[in-house]
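Please examine the structure below with attention to its packing and its aromatic rings.

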Amino acid sequence: MEFKKKLITVALILFLLPLIMAGVSVYLIGNYQSVKTQSEYGEESGIFQILANPVKILDWLTSSSYKEIHEYIKNEPYKLEKQETLDEINSNMNSTYSYLVVRKNDEYVYIGDEEKFEKIDVDLPAFINNVGGESSIVYLGGSFPCLVRQLNFLYSDMGKGSAFIVININELVPQLKLFAVEIIVICFLIITITAIVLVCWLYKSVLEPINKLSKATRRISFGDLDFEIEVEKDDQIGTIFNDFELM
C-alpha cells in the first residue's frame, strides 16, 4: 500500500471506526436498558423513547401502581380507605423511587414517606372532578423537585379523595446519569483501543522500517558495507530501501 493511501486509511479508520463502534455500543446498551425496564417495570417503550419524553419517565415508573389504584377506584373504591391497602400499594412503589400520598378533602390521611414529603415546599394539585378518569401529571418545583401523578376518587361519605404517586427527581436523575456515564465510558474505551491499534500498526509499517534504515546508515558510517537490507514492502518505503541497497 502506498504511503499516502496508508495515511488516508489511518485517518478514515480513526474517524469512522470509533463512530461506528460507539453507535453500535449505544444501540446495544439502549436495548439492554430497554429489556431491563420491561422486566422490572413492565414498560414496553425503549429507553430512547423514555429519555426523549421526560413525562414518559413518570408513566414508565408508575404504570403498575397507577393501574392498581385505578382498578380500586373503578371497582372497589372503599378499599382505598383501609390502611392495609394503602400500605400494600406504597410498598410496591419502593423499587420505583416513588411513594403514595392520599388526601381527603384538605387533609392528608396517608403519607408513604413522611421524611421526603416534608421536604416538598409546593402544594399538591387540588381535587379535580374526573373520578375514575385519566390521571394528570404535574411537575412540582421548589428546593425538592418531584413529579406527581394524581388520581381522584370519592370516599364512601362523598368526601373528595386524591391519591398521589410522588417521584423524587433527585433520586431519579442519578439513574439517568448512570446511562449517560455508561455511554461515555464505552466511547472512551473504543477511541483508546482504536488509537492503540493504529499506533502499533503505524509503528510496524512506518517507524520500524525507518529504524532499520537508520541502523544501516550508522553501519555505513563506520565503514561496514558488507550487509543487505531486506525489502519487505512494495511501497514508497520499499522503494527507498531498494535505492539505498543500490547505493
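The questions and answers below concern burial, core packing and ring contacts.

This is a predicted model, in which local features need pLDDT of at least 70, side-chain atom pairs count only at pLDDT 80 or more, and totals for chains, interfaces and linings use all residues. Residues are numbered from 1 along each chain as its sequence is written, and side-chain values use heavy atoms, with hydrogens and water left out.

Q: On which side of α4 do T85, L86, I89 and N90 lie, the same or opposite?
A: Helix α4 spans residues 83–92, and T85, L86, I89 and N90 are buried in it. Buried means under 20% relative accessible area, exposed over 50%, and partly exposed in between (1.4 Å probe, protein chains only). Helices (H or I, at least four residues) and strands (E, at least two) are DSSP runs, numbered from the N terminus. The four cover an arc of only 130° around the axis, taken from the directions from the helix axis to the C-beta atoms, and therefore lie on the same side.

Q: Which backbone nitrogen lies 2.8 Å from a polar atom of the side chain of N90?
A: N90 belongs to helix α4 and is buried, with a relative accessible area of 8%. Leaving aside neighbours within four places in sequence, N90 is in contact (heavy atoms within 4.5 Å) with Y99, L100, Y110 and G112. The nitrogen at 2.8 Å from its side chain is that of L100.

Q: Which element gives the largest share of the largest nonpolar core?
A: A nonpolar core is a set of buried Ala, Val, Leu, Ile, Met, Phe, Trp, Tyr and Cys residues joined through side-chain atoms within 4.5 Å. Of the 16 residues in the largest one, I69, L80, I89, L100, V102 and F153 touch the most other members. Two or more residues each come from α3 (54–75), α4, β1 (98–104), β4 (146–154) and β5 (160–168). The largest share, 4 residues, comes from α3.

Q: What is the angle between the planes of F153 and Y155?
A: Rings of Phe, Tyr and Trp (its six-membered ring) pair if their centres lie within 6.5 Å; planes under 30 degrees apart count as stacked, over 60 as edge-to-face and the rest as tilted. The structure holds 2 aromatic pairs, and one of them, Y108 with F117, is edge-to-face at 5.1 Å and 70°. F153 and Y155 are both buried. Their ring centres are 5.0 Å apart, and the pair is tilted because the planes stand at 50°.

Definitions and conventions. A polar contact is a pair of N or O atoms within 3.5 Å; within protein, one must be able to donate a hydrogen and the other to accept it, and residues adjacent in sequence count only if both atoms are side-chain atoms.
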